[in-house]
Every structure is written in C-alpha cells, then in structure tokens.
Amino acid sequence: MGSPKLPVLLLPHPLILLPTARVTLPISRSLADAILSLLDDSDAVLAAIPLPAPDSPSEVTYGTAARIARLVRPRNQSSPTQPYLLSLHGIQRIRFPTPIQIDRSETLPVHNVVYPSSEGIPSRDTVEAFKHAALLLLDRLAKDSPQPQRKDDWLRVAAIVEDISEQRATWMADVLVAAVSSQYPDKLAFLAATDVEDRLRRATELFVKQSSIQEVSKKIASAVDESFSRQQKEYFLRQQLAAIQRELQSLQSSPASVGTGFGTGGATSELDDDDQADADDLADLRRKIEALDVGSEERKVGIREWRRLKRIPQGSVENGVIRSYLEWLTSVPWPSNKTTTPLDVLKDHSFLTRARAQLDADHYGLDQIKRRLMEYLAVVRLRAIADAAQTQAQGNNPSTDTFPGATPTPPTKSKGVKGPILLFVGPPGTGKTSLGQSIAKALGRPFQRISLGGVRDEAEIRGHRRTYVASGPGSIVQALRKAGRNDPVILLDEVDKVGHSNFHGDPAAALLEVLDPEQNHSFNDHYINVPIDLSQVLFICTSNTIDTISAPLLDRCEVVELSGYTYDEKMHIAKRFLLPKQICANGLSDSQLTLTDDALLHVATMYTREAGVRSLERAIGAVVRFKAVEWAEWLDKGNGTMGGEGNAKQNENGNEKQDANANENGVRKEWRATVEPHELEKILGIPRWDGEERDREEKRGVVYGLVVTGMGEGGILPVESTALPGTGRLKLTGSLGDVIKESGEIALSWVKTHAFELGITAGRGVDPLKVPDVIDVHLHLPAGAQKKDGPSAGIAMICAFVSLLSGACVPKDIAMTGEITLRGRVTPVGGIRMKVLGAHRAQIRKVILPWANRKDVEHDVALEVRREMQFFFVRTIDEALEAAFGRGALGWRKETVLLESRL
C-alpha cells in the first residue's frame, strides 16, 4: 500500500501551525476555489507547512496535517487580493519522504506524506522536568497578567498540568507551546521533534527560556519603577536603557544554564538594539586608545578614564564629560601616531631646490628669512638621512655582547630636529602671515593660525581645568588636533597685542612654556593634563613692534625684522602678484589691461605711503575696477566679444546689429588696455602724498629728522624752531614724551655752551637767548595728535637750534637721526632700516646717521637703496653739523694756543 497524499498549503512567515492549535489566515480567490473543491470530501484534510525565512533554505521536511474548520468571506475585508479567511485546526505532525521545493504559486500541490509514530511514553524524569518548567512559566504569566480573566485562565491550565498523566504530557506540550509567545526558530525546532522524549525536552527548554525572559522583563520594569519619581520622569527612557544594559552584562558574564534552544535569535534581540552610531563611536574611541604606545602616560590615562566611562551610566552628566575628554585625548597627535615627512622626500636631491623655488614663487625679496628657513630644511634633511643610516646599521649589526637572559635594548627613537621659534617683526602689510603659509607649503606640513590679538585669559593658551563647567583644551591643543600631526607650522599672530597680567592670569607668561625649545617637549595643557611634545612644531610669531613684548618672551624667539619694501621691491610685487590677482578677481584677462611701469611707480609714490603693500593693492584694485567698467560698457556697445574670445554678444539680427552699433564714421572704437600715469588722477583722484613730499623747503630753523611710526613704518618729520620775545626759555610742543623733551634740553644746553665757537655770540659765557635780545625758543614737531617719544632726535634738534640762531639753513634733501650727549658724542639709535626706507620713499638723497649704525645700513638696507642715497656716518656733533650745513658754512672759531718762549 502506498503512502498517503495530501494537498500542501504554505503558511506565511512566521506563522506555524502546531497540533491541537488553530490558526486563521487570509487567502486569495484561487486558493479559496481550490479549498472549496476539497470540502466536498467528508474528510477535508490538507498539509500546512511553514514558509521558511527569506535567508534560509527553500526546502521543507516537516508540517502539520490540518482539518479545514472554516472558510468565509467577511464583509469588511479590505484586502482585494486576499478576500477570504481560512481557519485550520492542527491534527497531527507529518513528514515528507523527500524534501519538497517551495512552490509560491496560488495552487495546492499534492505530495506524499508520512505520519510519524506518536506511540511511546516519556520517562518520569522528563515529564517532571516538563511539569516544573510549565508550572513556573504559567505562574509567571498569571502574576504578570493585568487582566483578571486572563489570570484565571492561566491558573486553570496550571491545574490541568499538575494532574496530567504521562501519556497525555506530549499533547499538553503541543497545547502550551502553541499558546505561549515564543520565537520562530524555537517553534520550528519543536514542530520537527517527532520523538516524544525529544519533544518534551524541547518544550522544557522553551519554557525555561520564556520564564527567564519574563523574569528579566519584570525585573527591568521593577527597577525602572523604583527609580521613577516626580523629579525623574524625564529620565525614564534613560533609566530603562541602563537597566537593560546591566541585565545584558550579567547574562554575558554568567554561564549558560539552559539547553541549546536558549539564545537563538539573540543577534536580533531588541535588548541589543542600541544606537548604532553611538556604538560605532565608542568602538572607534576604544581602538584609538589601544593604538597608543604601551606604557605611555597618555595610554595609562586613557585606560583609566575608559574604565570610569564604562562604570558610569550613559545618561549621566559625568559620562558626557569623560567621553569628551577621551575624544580630545585620542585626537591629539601623539608620538605613536605621528606623521612626518617621508624619508624618500627628504632624500630627494631636489628637496631643497623645490623648497627654495616655493618660497621665491610666493614672496619677492626677504632673503634673510629665506636663508634661515633653508638652513632649517638642510638640517632636517641631513638629520633624517643620518638617523636612517644609523637605524640600518643597528639592524645589520645587532650587538652580541649581552649576558644570557638579558632583555635586549630597544632601538632609540630619533627625536628629530627641534623647530625654531621665529618672530617676524614688521609693519602691517609686509607679508608676515602669508609668509607663514608659504613656509608650511614649502615644508609640506599642515598650517594652523592662532590669533592672539586681545587674548586676556591664560586658559585660552593652556586650557581650562576639567573641574570647570564646559571646560576644554587650549588653542595649542586645538591647533594640533586640526593639523593631525605633531610637526605642523603654527602661526601665533599678533603676539604683541596679547593681554597683560590680570585676574584671569597672564597669557604672555603662558606662552613662555610654549615657545621655549628646552621646555616645550613636555607642554602641559590643563585640560589634557598629559605632557605633550611640541618640540617638532615650527612656531612662527608675528608682531608689529617688540616694545610691548615681555623681555623673557622676546628672549625665547629668534627675531627677524621685516622693515618694509623699497619702491623697486614694490614694483616687482605689484607686477608679479598684486596686478594679476586683481585682474583675475575682477573678471579681466592680462590682454585686457596693462599698467606701465611708470603708472605703477606713480601709484606707489603718490597714492600710497606705507611699509607694506596693502594700500598699493587697494589702489591697483581701484584701477582694475575702473577699467572693468569701461570694458563692460565697451562690450555693451557691440565692439567686441565677452572674455576677449568667443561668446560674442549676439541678438536677433546677429552681426548686423553689431555693425549698426559702430561709430558714426563706420569705424569701431579700439579698446585701450594700457593705463598711463596721466590717467591715474581721473581714476584715483588727486594724489594724497604729493604735497607733503614736494612742500619741503629750505628754511631757517627747520630740519628734517627720521622717525619710526607706531606701526613700524619709517618716514621723515620736520623739526621746526622759531625765536620770539620772552625770558630766555625753551618751549616744546607736539605731544612729546619725556625722553624727547630731555633731548631738546640737552641740545639747547650744548648749543649755549658752544655758542662762541659756532659764531653765534661775540664772547664766551654769553647766553645767546639773552644777548643781544632776550628771546624764547619754540621747538615744534608737527602732527600734534600723534604721540612722539624716543632717544633719536638729538642731532635734528641741535641742527634746528644752530640754524635758528646762526641763520644758516640745512638743505631740504638732507634728513638725520641720532642721539647726543652733553660731551658732544653721537650715540646709535634703532630702526635704521625702516628710517632709511622711509627717507627713500620721501625722496631724501642724503642721510646723516651715527657711526655705530654703519653696520646696520650695510647689513639691512638693500644695495639698490644705498646706491641712490648718500650716507654720512658721524661720531661727534661737530661732524654732524659739518655734514648738515656743509663744509665752511658755519663760522667756527677755533681756540688759539699761545706759547711763551724762554729763549
């Protein structure tokens, strides 16, 4: 006799029909018609098999023989594709002799089935374990049930389980497993268990697992309810999440106490459904901590804080504080993850050549700075090559003179070349900040800029301590994090404008540790609180003056002065950088605008007067914009094409209209791309500085001195003096400081002392201010709104007094600077380069300087400037007067020595 055959019905996933259970599902019209044909038979039975999961094999071996209990079409059925409801009642397990392939068509295929034998009685121990697990689960479900009727039902089932016989235990297992909510893999494994012993064992494991889930859920709910109060309602979700995490940790730490069925589906458990982004961040944070050097201070601190982070609940405020600290700690470029210039790049023979070409391409001139940087690069290259050779030699010749069992000494790590601390001092617009960017580009390092202007809190440099709310690291650590390397180029801009000592601390004193090459290898930020190595960082400071910088801070820096540009340098800068930049920024091309050398020189001399090139760039930009307007208007008249090539302006009539816009004579107006000097007044207006430079006059009592302004620019300043009736006193005006007032008094005292030798008075000891007439001398320095002070106006004041009292005049193309003593000595002064460049811009041809400043002129002043000017270096006031007034201009009376003869 052949095996019976049954039509097969697929149950949608994750629906499973067990014996003794009943299930209702929607079906389509075609399936309903096929089932109606089965109802004609007295025994309408079919095989209900579960549809496997999408990612599981598509073959099915087990199922359930089910009787058709009901087939209806509800009135309120909303699904047009499945308008019928089918109710099935499970009868008995079935097995297919050969696995069948899943056919998802709307049919009822017929397959051979086998009814496994259900005979056999399970052992007493298995039945007792089943009863114990079932009663425990039913008791838990009854206690947790919120509805009284539902609670009574669970208790009645528990009473039946207590009195169940061994023969009926397997039937009760089918009933309870079908009634209890369990996971799909557990029910599928229970359906496949045909042996009564195995079936009860699997039911026991499932009941134990479900009891544990119910207990944990109740425990979590109880823990949340206990901590739930009026003040903590907003933290409800956080408390629940913390309770879930604690239970998960306890489950992971304890060994499994249940069978193989427990834990299935754990990967998709809702207890592990944390925020994926947050989990990824924590995993990345842990990897960074593990990547730190073993035994290093930063690794020890990171591990300690990580352990604290895991102990503190995630919703706590302290958890966020520790996590922020760990993020900053791991983002600092420590020696373990540093990235330096590759050795292959340093070994390249064109390394220095390319670096020099980069500096020359970005800046014109500045030879002293470029020479210092090339020295640094050469040392870095030689040091890297030497370290590589030493490391290779140690690898090829390992030391064998060691004792047995001795620990081998690890190879020493090269600390590299300490970065220099450069201080660029110069007036605005001389390229200090842009030079720092060029240096970083030439070195192939990241560049970071820190503006210190107005910084008045020490914590902005060293960071805040972690005890403060919203604390964070200082600007140095922030720059290192942005750079991502431990050897960037960091520009400390406007270091002269940093705040001084106050109740917030002294920021300038905090910079002492940063800029000290002997200390910054262990810089301590208050927030990180772990020594940070800054010795590989190339620090570049910029300043307009060194007067406001503290002496200890200035001592740690290598001062490089950028005094200003000569007219020749400005011409080169304008042609190479400024003019092309403005042409590109205003939408023109090089063929559409040309500034002649005379026009550029006219702009530099007549419309700008500065040490830098910012005003020059603005003036060139005004000229370019003026020509841009003219070019646009010229194009609007149909005289050319947009952009100088292609894209011709067309309209409906094409070129015919363009020809109609020609001049009345039929000739198009040609575009004038060249700007001549005589056109600049129409574009830029009246020259600003022409009057002051041209109005110098040769007048009694007036001489021209050399000064340095507050922004570091050099220039000339007239020293005016006049005599008026009075009582023989000296009057000084012009917002003068105490030092320059003393210079005026010293100058007048020297003139009074030597009035007879200068031919001012007729006899010795005669006061020139009282004989023949009693007069006062008024000395004035123009631009009274500007404060003036400093020991460099002595020579100019003496020449002004001598010119006033003797009547001799100093030529208008002579300027001077230098301090004097009562003995008639001329002492050196500072700012020689800036003063000489200022005199050169003012078209001064002769300059009188102290003899001690001769080396400054030869070393700092460009050769082309020295060729255009004449310098007089004087040691005494007599030499200064002779250079200013000319030889023989003053009627000197030399003392005659009389000798008495004894012959």
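How many helices and strands does the secondary structure of the protein chain come to? In this predicted model, the secondary structure comprises 30 helices and 24 strands. The protein chain has 903 residues, of which 43% count as buried. Its exposed surface is about 48800 Å², and carbon and sulfur atoms supply 50% of that area. Among contacts in the protein chain with a separation of 6 or more, 75% are accounted for by residues 24 or more positions apart.

The count of salt bridges comes to 30. One of them lies within a helix: the side chains of Asp 198 and Arg 201 meet with an N to O distance of 3.6 Å. Both residues belong to helix α6 (residues 196–227), where they are 3 residues apart, about one turn of the helix. Asp 198 counts as partly exposed because its relative accessibility is 23%. Arg 201, at 41% relative accessibility, also counts as partly exposed.

A salt bridge between two helices is formed by Arg 308 and Glu 318, whose closest N and O atoms are 3.2 Å apart. Arg 308 lies in helix α9 (residues 297–311) and Glu 318 in helix α10 (residues 317–331), so the pair ties together parts that are 10 residues apart in sequence. Arg 308 is partly exposed, with a relative accessibility of 27%, and Glu 318 is likewise partly exposed, at 32%.

Arg 445 and Asp 487 form a further salt bridge, with the closest N and O atoms 3.9 Å apart. This pair links distant parts of the chain, 42 residues apart: Arg 445 is in the loop between α14 (432–443) and β8 (447–451), whereas Asp 487 is in the loop between α16 (475–483) and β9 (489–493). Buried residues are those under 20% relative accessible area. Arg 445 therefore counts as buried, at 12% relative accessibility, and Asp 487 is buried with a relative accessible area of 3%. Elsewhere, salt bridges that share partners join Glu 305, Arg 308, Glu 318 and Arg 466 into one network.

Charged residues also contribute to the surface. A negative patch is formed there by Asp 738, Glu 742, Glu 745 and Asp 789. Within this group, Asp 738 is placed in helix α25 (residues 738–753). The relative accessible area of Asp 738 is 58%, and this residue is therefore classed as exposed.

Methods: Residues are numbered from 1 along each chain as its sequence is written. This is a predicted model: local features need pLDDT of at least 70, side-chain atom pairs count only at pLDDT 80 or more; totals for chains, interfaces and linings use all residues. Side-chain values use heavy atoms; hydrogens and water are left out. Patches are made of residues with over 30% relative accessible area and no salt bridge: like charges are joined within 9 Å, nonpolar side chains (Val, Leu, Ile, Met, Phe, Trp, Tyr) within 5 Å. Accessible areas come from the Shrake-Rupley method with a 1.4 Å probe; for residues, only the protein chains shown count as cover. A salt bridge is a side-chain nitrogen of Lys or Arg within 4 Å of a carboxyl oxygen of Asp or Glu. Lys and Arg count as positive and Asp and Glu as negative; His and the chain ends are not counted. The place of a charge is taken as NZ of Lys, CZ of Arg, CG of Asp or CD of Glu. Helices (H or I, at least four residues) and strands (E, at least two) are DSSP runs, numbered from the N terminus. Buried means under 20% relative accessible area, exposed over 50%, partly exposed in between (1.4 Å probe, protein chains only). Contact means heavy atoms within 4.5 Å.
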